[in-house]
Amino acid sequence: MSERRVTTVVIGAGQAGLAMSRELSARSIDHLVLEKGGIGDAWRSARWDSLKLLTPNWANGLPGAPYEGSDRQGFIAVDEFVTALERYAARIAAPVETGVDLRQVLHGEEGFALDTSIGPVHCQTLVVASGGCAKPVVPVLAKALPAPIVQTTPAAYKTPSDLPEGGVLVVGASASGVQIARELHASGRPVTLAVGNHVRLPRHYRGRDIEWWLQAIGALDERFDEIDDIERARRTPSPQIVGGPDPVDLPGLQAAGIEIVGRLAAIRDDQALFSGALAHACQSADLKLTRLYDRIDDWVVENGSESSARPDRLAPMRVPKAPRLTLDLVSGEIASVVWATGFRPDHGFLQGLPVFDRRGMLAHHGGVVTGIRGLYALGLPFLRRRRSLQISGAGPDARDLAEHLEKRLHHREAA
């Protein structure tokens, strides 16, 4: 196959990649968007069937295409959002090539050489927008699980019928963990939820969706260069929230009959061993939630909005007096384990390039990758703003990085 040459290649055709395509087109920068599956593939293939977007419809507009439907406060299903992405790609005439396997990226004086299943592609600048949740993180201790126990992750799990009858241990209490735990419990399975550090968030406060408040107080637009410890902020767990009007938090799960235990610390001699720090983790989450409530209340006073609905704060988590510390994994009590222990990006095609930090993560400064000029990243946690990983964060981040990319290209032309 002959080599294709374009100024810029964008890897990934989700909301971040499409937002960047729109920005590049607006700047008359010729480009190509490469996607391993279909448009919105990560949404399509790595989510469970009942999942709805965690943000209300009004907050899910794409650049140049705000939400214009009648159900502003509703929450759409993932397949509906994929359809919206497909329509958006057609609307902006994004030059997307789907079903492309990207094997390796090499870098030289003239730019980037991509080895792909559609042949070699060369570009001066490269934007990696393949997302921050491409690969589920499964801890090493998973190897110690007794063989009969079925293991899965939120990326592979689709519906309760995927799992055998019997008890389920869900490890991890961020957004995915609490939602899957609730769904499995509703299917009639006994569920034990192992809880570590987590972020507690109400669906509503003072009569408004929490997303409205986070935007009003400016929390979602806090920038990466304004945060004291940005690496820690980027590792913050996703909040315990669900795409719907009802809350999904630990007290509610506990009241429904789900057993809450501490962080899974080890598996030894066919026993799951849980941390005794459950109370500390819950107290820490409640403290952070209280700070958020206080910040919203201060905003209400400062902006003369005292007429807002009265504060309706969630009660602090009531931790069991003696939470279970061990669980026999061969007694038959547990038939399956769901590892809801987070995700990480898949940047394997960049292996061999000096672009990774000591943890194996892409090293960047607000999306400008360090180590190689002309390489950019999009769609990662707190990339440039706290909202970076949200749908609404794709446009602002893409605009900023497209400006940087355009200046670099002009600098090269002038050199």
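**Exercise 1. Decide whether Tyr205 is buried or exposed.**

Solution. Start with the cut-offs: buried means under 20% relative accessible area, exposed over 50%, and partly exposed in between, using a 1.4 Å probe and protein chains only. The relative accessible area of Tyr205 is 0%, so this residue is buried. Try the next one in the same way: Tyr293 has a relative accessibility of 2%, so Tyr293 is buried too.

A word on what you are looking at: this is a predicted model, in which local features need pLDDT of at least 70 and side-chain atom pairs count only at pLDDT 80 or more, while totals for chains, interfaces and linings use all residues. Residues are numbered from 1 along each chain as its sequence is written, and side-chain values use heavy atoms, with hydrogens and water left out.

**Exercise 2. Classify the ring pairs of Tyr205 with Tyr293 and of Trp212 with Trp213.**

Solution. Step one is the rule: rings of Phe, Tyr and Trp (its six-membered ring) pair if their centres lie within 6.5 Å; planes under 30 degrees apart are stacked, over 60 edge-to-face, and the rest tilted. This rule gives five aromatic pairs.

Step two: Tyr205 and Tyr293 have 4.5 Å from centre to centre and 40 degrees between their planes, a tilted pair. Tyr205 belongs to strand E12 (residues 204-205) and Tyr293 to helix H8 (residues 278-302), so the pair links distant parts of the chain, 88 residues apart. Helices (H or I, at least four residues) and strands (E, at least two) are DSSP runs, numbered from the N terminus.

Step three: for Trp212 and Trp213 the centres are 4.9 Å apart and the planes at 90 degrees, so this pair is edge-to-face. Trp212 is partly exposed at 28%, whereas Trp213 is buried at 0%. Ring pairs also bring in Trp299, making a cluster with Trp212 and Trp213.

**Exercise 3. Find which charged residue lies over the face of Trp212.**

Solution. A charge sits over a ring if NZ of Lys or CZ of Arg is within 6 Å of the ring centre and within 35 degrees of the ring normal. For Trp212 that residue is Arg208, at 3.9 Å from the ring centre. Elsewhere, the charged end of Arg47 sits over the ring of Trp43, 5.0 Å from its centre.

**Exercise 4. Describe the surroundings of strand E6 (residues 119-128).**

Solution. First, recall that two strands pair if DSSP finds at least two bridges between them.

- E1 (residues 4-11) runs parallel to E6, joined by seven bridges; Arg5 stands opposite His122.
- E5 (residues 111-116) is antiparallel to E6, with five bridges. These two strands form a hairpin with two residues between them, and Thr116 has Gly119 as its bridge partner.
- E23 (residues 375-377) is parallel to E6 over three bridges, with Leu126 partnered by Leu375.

Finally, eight of the ten residues of E6 are buried, so the strand is largely enclosed by the rest of the structure.

**Exercise 5. Work out which strands stand at the edges of the five-stranded open sheet.**

Solution. Write down the order, E8-E19-E9-E10-E15, with parallel pairing. The edges are E8 (150-152) and E15 (259-261): each has a single partner strand, so one side of each is left without a neighbour in the sheet. Inside the order, E9 (residues 167-171) and E19 (residues 334-339) share five bridges, one of them matching Leu169 with Val337.
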